[in-house]
Amino acid sequence: MGVHIVDHPLIQHKLTLIRDEKTGTKDFREMLEEIATLMAYEITRNLPLEDFKVKTPVAECTGKILVGRKVGVVPILRAGLGMLGGVLNLIPNAKVGHIGLYRDPETLKPVEYYCKLPADATEREFILVDPMLATGYSSVAAVDILKRKGAKNIKLMCLVAAPEGVAVMQERHPDVDIYTAAVDDYLDDHGYIVPGLGDAGDRIFGTK
């Protein structure tokens, strides 16, 4: 288990564009979804396959199909919703759960306000999505919730991570792989990733 930097050129190109403070809500939202699709391609690389006989218009052959492992996608509300569509573009049959957390502005700790997960959580491989891994507290809390519901196979997908958040996640949940497009420099005094891309939720939804 560890940190996987997804450094595909298309991802890095789009990441640079959405970092730009001049990028508007529409373009930010569209590119975030595109990056999520590309990252989902990487995070599903090791899904198991089995042989499957198929008859083409020319002849019969043996191909490969997914074994049928159940996948669940769980965005951390609200910013995680910006990545959900991109993952579902690649895995349209995945079940979707939601975990609602907000960050207390004084303590920077997460407060849970909503949780709805697939009933068969124990049987699913979960992809937890959130654009930012900053302090790490929200991701840790979300994984805590998933594990309490019986989830045993969890991966975290984020766009940008801070070293502090990575360290917290690895200390609290060393069994959870982290997939990110970049590990930035540090957190500032307000808990923002530097250089980061600002408040992802506000930039996705056009709020302040």
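**Arg78 and its surroundings in a predicted model**

R78 has a relative accessible area of 34%, so this residue counts as partly exposed. The model described here is a predicted one. R78 makes a good starting point for a newcomer, as several features meet at this residue. R78 sits in the loop that lies between β4 and α3, and a cis peptide bond, with omega about 5°, joins R78 to L77. For comparison, most peptide bonds are trans.

The side chain of R78 also forms a salt bridge with that of D202, at 2.6 Å from N to O. Because R78 belongs to the loop between β4 and α3 while D202 belongs to helix α6, this pair ties together parts that are 124 residues apart in sequence. D202 has a relative accessible area of 18% and is therefore buried, being under the 20% limit.

A second cis peptide bond can be found from V194 to P195, where omega is near 0°. P195 is placed in the loop between β13 (193-194) and α6.

The search of the whole structure for salt bridges gives 14. Side chains of opposite charge can pair when their charged atoms come close. One of these pairs is K22 with D20, whose side chains meet at 3.4 Å, N to O. K22 counts as exposed because its relative accessibility is 70%, whereas D20, at 29%, counts as partly exposed. Another salt bridge brings together the side chains of R172 and D144, at 3.5 Å from N to O. Here, too, distant parts of the chain are linked: R172 lies in helix α5 and D144 in helix α4 (residues 137-148), 28 residues apart. D144 is partly exposed, given its relative accessibility of 23%. Salt bridges also link K70, D120, E123 and R124 in a network.

Turning to the strands, β10 (residues 153-161) pairs with β11 in the parallel sense, and 6 bridges join the two. Between β10 and β11 the chain passes through helix α5 (residues 163-172), and this β-α-β crossover is right-handed. Within the pairing, M157 stands opposite Y179 of β11. Strand β11 (residues 177-183) is mostly covered, with 6 of its 7 residues buried. Strand β11 also runs parallel to β1, and 3 bridges join these strands. I5 has T180 in β11 as its bridge partner.

I5 contributes to the surface as well: together with V3 and V183, I5 makes a nonpolar surface patch of about 200 Å². V3 is a residue of strand β1 (residues 3-5). With a relative accessible area of 32%, V3 is partly exposed, and V3 can therefore take part in a patch, for which the cut-off is over 30%.

Away from the surface, the largest nonpolar core holds 36 residues, and L15, I18, V87, M157, L159 and L197 have the most contacts inside this core. Two or more residues come from each of several elements: the helices α1 (9-19), α2 (25-43), α3 (81-90) and α6 (200-205), and the strands β4 (70-77), β8 (124-129), β10 and β11. Helix α2 gives the most, with 8 residues. M157 thus appears in two settings, as a residue with many core contacts and as the one that stands opposite Y179.

Methods
Residues are numbered from 1 along each chain as its sequence is written. This is a predicted model: local features need pLDDT of at least 70, side-chain atom pairs count only at pLDDT 80 or more; totals for chains, interfaces and linings use all residues. Side-chain values use heavy atoms; hydrogens and water are left out. Patches are made of residues with over 30% relative accessible area and no salt bridge: like charges are joined within 9 Å, nonpolar side chains (Val, Leu, Ile, Met, Phe, Trp, Tyr) within 5 Å. Accessible areas come from the Shrake-Rupley method with a 1.4 Å probe; for residues, only the protein chains shown count as cover. A salt bridge is a side-chain nitrogen of Lys or Arg within 4 Å of a carboxyl oxygen of Asp or Glu. Helices (H or I, at least four residues) and strands (E, at least two) are DSSP runs, numbered from the N terminus. Buried means under 20% relative accessible area, exposed over 50%, partly exposed in between (1.4 Å probe, protein chains only). Two strands pair if DSSP finds at least two bridges between them. A crossover is right-handed if, with the strands pointing away from the viewer, the path from the first strand over the helix to the second runs clockwise. A nonpolar core is a set of buried Ala, Val, Leu, Ile, Met, Phe, Trp, Tyr and Cys residues joined through side-chain atoms within 4.5 Å.
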